[in-house]
Amino acid sequence: MNLTMDQIMNIALIVLIIVVAISQGVSTALDFYVKKMTEEGKKVPTQVITAKEASDALYSEANKLLDLTGAEKKAWAVDQLQKQKPNLTTEVAKGMIQKSYDDAHAETPAPEDSEKATQQIGFLDNGDDSNAKDA
């Protein structure tokens with residue numbers, strides 16, 4: 001079965017249209033479901049975020065958005081975490097933010113000194129091959 005490039009593109013376009021249509025249908029159904037549940041006064045299920053996920057997200061947000069010192073960023077993240085998860089004590093929230101900080105810094109490699117990583121290029125004078133290496 002030999003397919004031309006036009007046939008492949010048409011098949012890909014049809015698949016894309018089907019995926020978009022299904023996604024739109026699911027979105028519409030969920031919107032209808034949520035609207036119906038709220039009109040009936042029933043509680044709509046929401047995503048449950050663990051305290052670990054919240055602390056990681058808050059630390060990341062603090063690093064990207066705030067122009068503060070490290071301690072101020074951590075304090076802001078602890079306050080936000082306690083607002084999201086009121087059952088956490090201050091000590092637990094501080095520990096979770098510190099863990100997120102440690103994890104983030106463990107994932108990013110320390111920058112190496114660029115001069116140590118590079119070698120100098122040497123030039124030979126005419127007839128000077130004392131630094132030449134045999135292959």
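## Exercises on a predicted helical model

The buried residues of helix α3 are Lys73, Ala77, Val78 and Leu81. Keep in mind that this is a predicted model.

**Exercise 1.** Work out how the buried residues of α3 are arranged around its axis.

*Solution.* Start by looking down the axis of α3: the buried residues fall within an arc of 135°, so they line one face of the helix. Here's the background: an α-helix has 3.6 residues a turn, so residues three or four places apart point the same way. Now flip to the face turned away from the buried side, and you'll find the exposed residues Ala71 and Lys83 there.

**Exercise 2.** Check whether the length of α3 fits or clashes with what its residue count predicts.

*Solution.* Helix α3 covers residues 70–84, which is 15 residues. The expected span is 1.5 Å times one less than the number of residues, so for α3 you should get 21 Å. Next, take the end C-alpha atoms of α3: they sit 21 Å apart, which agrees.

**Exercise 3.** List the members of the largest nonpolar core and say which helices each supply at least two of them.

*Solution.* The core has 10 residues: Ala51, Ala54, Leu58, Ala77, Val78, Leu81, Leu88, Ala93, Met96 and Ile97. Helices α2, α3 and α4 each put in at least two of these residues. Then zoom in on one member, Ala51: leaving aside residues up to four places away in sequence, Ala51 touches Leu81, Lys85, Leu88 and Met96.

**Exercise 4.** Decide whether Ser100 is buried or exposed, and find what it touches.

*Solution.* First, place Ser100: it's in helix α4, residues 90–107. Its relative accessible area is 2%, and since buried means under 20%, Ser100 counts as buried. As for neighbours, skip residues up to four places away in sequence, and Ser100 touches Lys52, Ser55, Asp56 and Tyr59.

**Exercise 5.** Classify Pro45 and Leu3 as buried, partly exposed or exposed.

*Solution.* Take Pro45 to begin with: it lies in the loop between α1 (5–39) and α2 (51–65). Its relative accessibility is 57%, and the cut-off for exposed is over 50%, so Pro45 counts as exposed. For a distance to go with that, the C-alpha atoms of Pro45 and Val34 are separated by 8.9 Å, with the two positions 11 residues apart along the chain.

Now Leu3, which belongs to the segment before α1. At a relative accessible area of 37%, Leu3 is partly exposed. Leaving out residues up to four places away in sequence, Leu3 touches Ile8 and Ile11.

Note on methods:
Residues numbered from 1 in each chain as written. Predicted model: local features only at pLDDT ≥ 70, side-chain atom pairs only at ≥ 80, totals over all residues. Heavy atoms only, no water. Helix = DSSP H or I, 4+ residues; strand = E, 2+ residues; numbered from the N terminus. Buried < 20%, exposed > 50% of the residue type's maximum accessible area, 1.4 Å probe, protein only. Contact = heavy atoms within 4.5 Å. Arc of directions from axis to C-beta. Core = buried A, V, L, I, M, F, W, Y, C linked by side-chain atoms within 4.5 Å.
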